[in-house]
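Here are my notes on this model, as numbered points. Please read them with the structure open.

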Amino acid sequence: MKTTINDSLALHTDLYEINMMKTYWDAGKADQQAVFEVYFRNNPFDSGYAIFAGLERVIQYVQGLKFTEDDIDYLRETQNYPEEFLAYLADYHFDASIRSMEEGEIVFNNEPIMQIKGSLADCTLVETAILNIINYQTLIATKASRIRNVAGDDNLAEFGARRAQEMDAAIWGARAAYIGGFNSTSNVRAGKLFNIPISGTHAHAMVQAYQNDYEAFKAYAASHEKCTFLVDTYDTLRSGVPNAIRVANEMEDKSRFVGVRIDSGDISYLSTRIRKMLDDAGYPDAIIVASNDLDEKTILNLKMQGAKVDAWGVGTQLITAFDQPALGAVYKLCCIEDASGELVPTMKLSSSPDKMTTPGEKQIWRITRKKDGKSEGDYVTGINEDPTHEESIFMFHPTYTYVNKTVRHFNARPLLRTIFDKGELVYDVPAIDDIRDFSREHLDALWEEYRRMLNPEPYPVDLSQQLYDLKMNSIAEIRQRVAEDCKTFDLDEDLNLNFK
Ligand SMILES: Nc1ncnc2c1ncn2[C@@H]1O[C@H](COP(=O)(O)OP(=O)(O)OP(=O)(O)O)[C@@H](O)[C@H]1O
Ligand SMILES: O=P(O)(O)OC[C@H]1O[C@H](OP(=O)(O)OP(=O)(O)O)[C@H](O)[C@@H]1O
Ligand SMILES: O=C(O)c1cccnc1
């Protein structure tokens, strides 16, 4: 087995994608134009919304998309591909266009968050990696946002690196958590790579190494400017906190004593007692950090109990999206070039309405009230529709059409932006802090009923009349075509098959 790996991300795809590329290539269809879109069917964590993340990595991935000699050798060794197809892959470069929501955008189920338009070969190869990236990062940004919603203005530190599903997840999860509203990460590499603030206290091991709270804290204070002491190694209230205060008392500059961290026990009870001890000792500004398997439910509960916690360290539950480890975003074909060279809408039928796709190239418009910027819903239109100059728009539920409203005095903001134009990057990637601010600002524009943690109202994601009609007509046309295609055989009621 090779121990040094000449790796590239071109093979970060399911084998079936390359097999489909080969079929298209063999049939002379590899350059046929198509449009695919990414969306998820249900908001994660029973949330009313999600926070989109992953675009920056998609950009990096697409920019570096090239089969190396090593990749081609591997395909030669393992697959029965002819040399001509391998030569085609060796020469491959990505020429498609990508339109996407921006990172940090508030997104909802059943609306396209990214669209890839280009050759069948391009669109097919990138499916796996794009879903892999967006599914994870969007999930973590959303979890982080839910935690931020209950934490108010408290400081939130991401502690998950050691519990993440491997290194990539730790790094990109830290970034997604920051986009979702965390203040810092404990992951130094994520800090360096993405310009995220880093923060850290110390572990129980350091206290155990000194076998004594006082000696450990004193040593830490001698080697660090700012000190947050972990006080629960032996006995939080009888040893940890008193010894933290003792070491703080010995500091010439008291502002070096930042506070204490607790990582076990009843956080509500302990934090209340610790607060009193710190205040009585003359440290009202010393903070209390809590950690230990926290998530949005525990934090909300602790706040309701009156816990005196100023900062929360959150690891496992956040970085692994513990209560819902998959977003389930999918990648579906919505347009295909026909024999005359025109891109025509296409859709997939299903007996379950959820799995029925919506045909056509689209734009998503966030409809907000002019007077206060509050959200009315998202309006999904054909790519050539522009509601911005309409006096009013009629918004109706795409399944229960009798649920509807007419919206006037609105602003319509287009959400899909061009990122790659025929393989060329035409988008300036924003700074991470701008992404985070953008996300916060747009989340604030969402009514509380869509944001609340428990049983949020479903946010309207409606189709324009034009798109709705296209969908209905496509369903009728496809049914007719399938009936024609099936005329060469008979099926009786028990599905016995007879060819004519
Ligand atoms: N007052 C509280 N109300 C609700 N949940 C709490 C409260 N105090 C702590 N918790 C949470 O209860 C869970 C169990 O806490 P406990 O200290 O028993 O953890 P543990 O995992 O058994 O301890 P350790 O980490 O030392 O092994 C943790 O998720 C913790 O955050
Ligand atoms: O609980 P999480 O949300 O996953 O947050 C990360 C955990 O990692 C550390 O524990 P660990 O036992 O690994 O090391 P320690 O000795 O530093 O506590 C830390 O004390 C947290 O409890
Ligand atoms: O800095 C900390 O306190 C920390 C970092 C990672 C995991 N647990 C705690």
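1. Contacts. Two residues count as in contact if their C-beta atoms, placed from the backbone, lie within 7 Å. On that basis, take the contacts in the protein with a separation of 6 or more: 70% of them join residues 24 or more positions apart.

2. Confidence. This is a predicted model. The mean pLDDT of the protein is 96. Of its residues, 99% reach 70 or more. For the complex, the predictor gives an ipTM of 0.94 and a pTM of 0.96.

3. Overall build. The protein has 500 residues, and 41% of them are buried. Its secondary structure comes to 17 helices and 23 strands. The C-alpha trace spans about 90 × 60 × 50 Å along its principal axes.

4. Annotated N-terminal domain. UniProt has an unreviewed entry here. It places "domain: Nicotinate phosphoribosyltransferase N-terminal" at residues 11-135. In the model that span is 43% helix and 17% strand. Its end C-alpha atoms lie 19 Å apart.

5. Second annotated domain. The UniProt annotation "domain: Nicotinate/nicotinamide phosphoribosyltransferase", also from an unreviewed entry, covers residues 156-333. Helix makes up 46% of this stretch and strand 15%. The end C-alpha atoms are 40 Å apart.

6. Ligand 1, the residues. Which residues lie around ligand 1? One run is Ser-264, Gly-265, Asp-266, Ile-267 and Ser-268. Asn-292, Asp-293 and Leu-294 are also there. Thr-298, Asn-301, Leu-302 and Gln-305 complete the list.

7. Ligand 1, the elements. Two helices, α12 (267-280) and α13 (296-304), each supply at least two residues of this shell. The largest share, three residues, comes from α13. By class, the shell around ligand 1 has three nonpolar, seven polar and two charged residues.

8. Ligand 2. There are 16 residues around ligand 2. Which of them come nearest? They are Phe-159, Ala-203, His-204, Gly-315 and Thr-316. Helix α9 (204-210), strand β11 (311-314) and helix α14 (316-319) each supply at least two residues of the shell. The classes are five nonpolar, seven polar and four charged.

9. Ligand 3. The residues around ligand 3 are Phe-159, Ser-186, Gly-200, Thr-201, Arg-261, Ser-291, Gly-313 and Gly-315. They divide into one nonpolar, six polar and one charged. Look at Phe-159 and Gly-315 when comparing sites. Both are listed around ligand 3, and both are among the residues that come nearest to ligand 2.

10. Strand pairing, β3 with β19. Strand β3 (residues 97-100) pairs with strand β19 (residues 417-421). The sense is antiparallel, over three bridges. One point to check is Ser-100: its bridge partner in β19 is Arg-417.

11. Strand pairing, β19 with β20. What is the sense of the pairing between β19 and strand β20 (residues 424-425)? It is antiparallel, over two bridges. Asp-421 has Glu-424 as its bridge partner in β20. So β19 is worth viewing from both sides of the pairing.

12. The hairpin turn. In the hairpin of β19 and β20, two residues lie between the strands. Lys-422 takes a positive phi there, near 45 degrees.

Definitions and conventions:
Residues numbered from 1 in each chain as written. Chains lettered and ligands numbered in written order. Predicted model: local features only at pLDDT ≥ 70, side-chain atom pairs only at ≥ 80, totals over all residues. Near = placed C-beta within 6 Å. Helix = DSSP H or I, 4+ residues; strand = E, 2+ residues; numbered from the N terminus. Nonpolar A, V, L, I, M, F, W, Y, C, P; charged D, E, K, R; others polar. Buried ≥ 20, exposed ≤ 12 C-beta atoms within 10 Å, placed from the backbone. UniProt positions renumbered as here; feature names shortened; annotations may be inferred. Pairing = 2+ DSSP bridges. pLDDT = per-residue confidence, 0-100.
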